[in-house]
Amino acid sequence: MEEEKFICPECGSEEPGFAEMVSMPEPTEKQADKDPWSSILQQTECSICNCIIPNHIAYRWENISIEEANEQWNKLYKKNNHHRKFD
Ligand SMILES: [Zn+2]
């Protein structure tokens, strides 16, 4: 299987930084509703802008387009990004 390239939806960089596996208890539906990050289990830091990007967006799992990835990023994940860095 061919692996997709990392692309940062924030700055367009193709340089991944640290990859992290997130371990956390199963989110309840309520939590996932409030914070889309609560269902993210794998994430990669962009080495250029230091944003933490969920892997399904950075690597466009399920064949989503770059446009779709950017849209999801802007709509769901970007505004909550800061609190992931420090928890
Ligand atoms: Zn970036």
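Two residues are in contact if their C-beta atoms, placed from the backbone, lie within 7 Å.

**Figure 1. Overall fold of the predicted model.** The model is predicted, not experimental. Of the contacts in the protein with a separation of 6 or more, 59% are between residues 24 or more positions apart. Four helices and three strands are present. Read from the N terminus, these elements follow the order β-α-β-β-α-α-α. The protein has 87 residues, and 18% of them are buried.

**Figure 2. The three-stranded sheet.** The three strands form an open sheet in the order 1-2-3, and their pairing is antiparallel. Strand 1 (16-21) and strand 3 (52-54) are the edge strands; each has a single partner strand, so one side of each has no neighbour in the sheet. On average, neighbouring strands of this sheet are turned by 30 degrees against each other, direction ignored.

**Figure 3. Pairing of strand 2 with strand 3.** Strand 2 covers residues 42-46 and runs antiparallel to strand 3, to which it is joined by three bridges. E45 has I52 of strand 3 as its bridge partner. I52 also belongs to the largest nonpolar core, shown in Figure 4.

**Figure 4. The largest nonpolar core.** Twelve residues make up this core: I7, C8, W37, I40, C46, C51, I52, I53, I57, A58, A69 and Y77. Strand 3, helix 2 (55-58) and helix 3 (66-77) are the elements that each give two or more residues to the core.

**Figure 5. Surroundings of I40.** I40 is one of the residues of the largest nonpolar core. When neighbours within four places in sequence are left aside, I40 is in contact with V22 and P54.

**Figure 6. N50 in the loop between strand 2 and strand 3.** N50 lies in the loop that links these two strands. The phi angle of N50 is near 65 degrees, a positive value in a residue other than glycine. N50 has 14 other C-beta atoms within 10 Å; the count for an exposed residue is 12 or fewer and that for a buried one 20 or more, so N50 is partly exposed.

**Figure 7. N63 in the loop between helix 2 and helix 3.** The loop between these helices holds N63. Phi is positive at N63 as well, near 55 degrees, again in a residue other than glycine. N63 counts as exposed because it has 7 C-beta neighbours inside 10 Å, whereas N50 is partly exposed.

Technical notes
Residues numbered from 1 in each chain as written. Predicted model: local features only at pLDDT ≥ 70, side-chain atom pairs only at ≥ 80, totals over all residues. Pairing = 2+ DSSP bridges. Axes fitted to C-alpha atoms, helices over the stretch in contact; angles between N-to-C directions. Core = buried A, V, L, I, M, F, W, Y, C linked by C-beta atoms within 7 Å.
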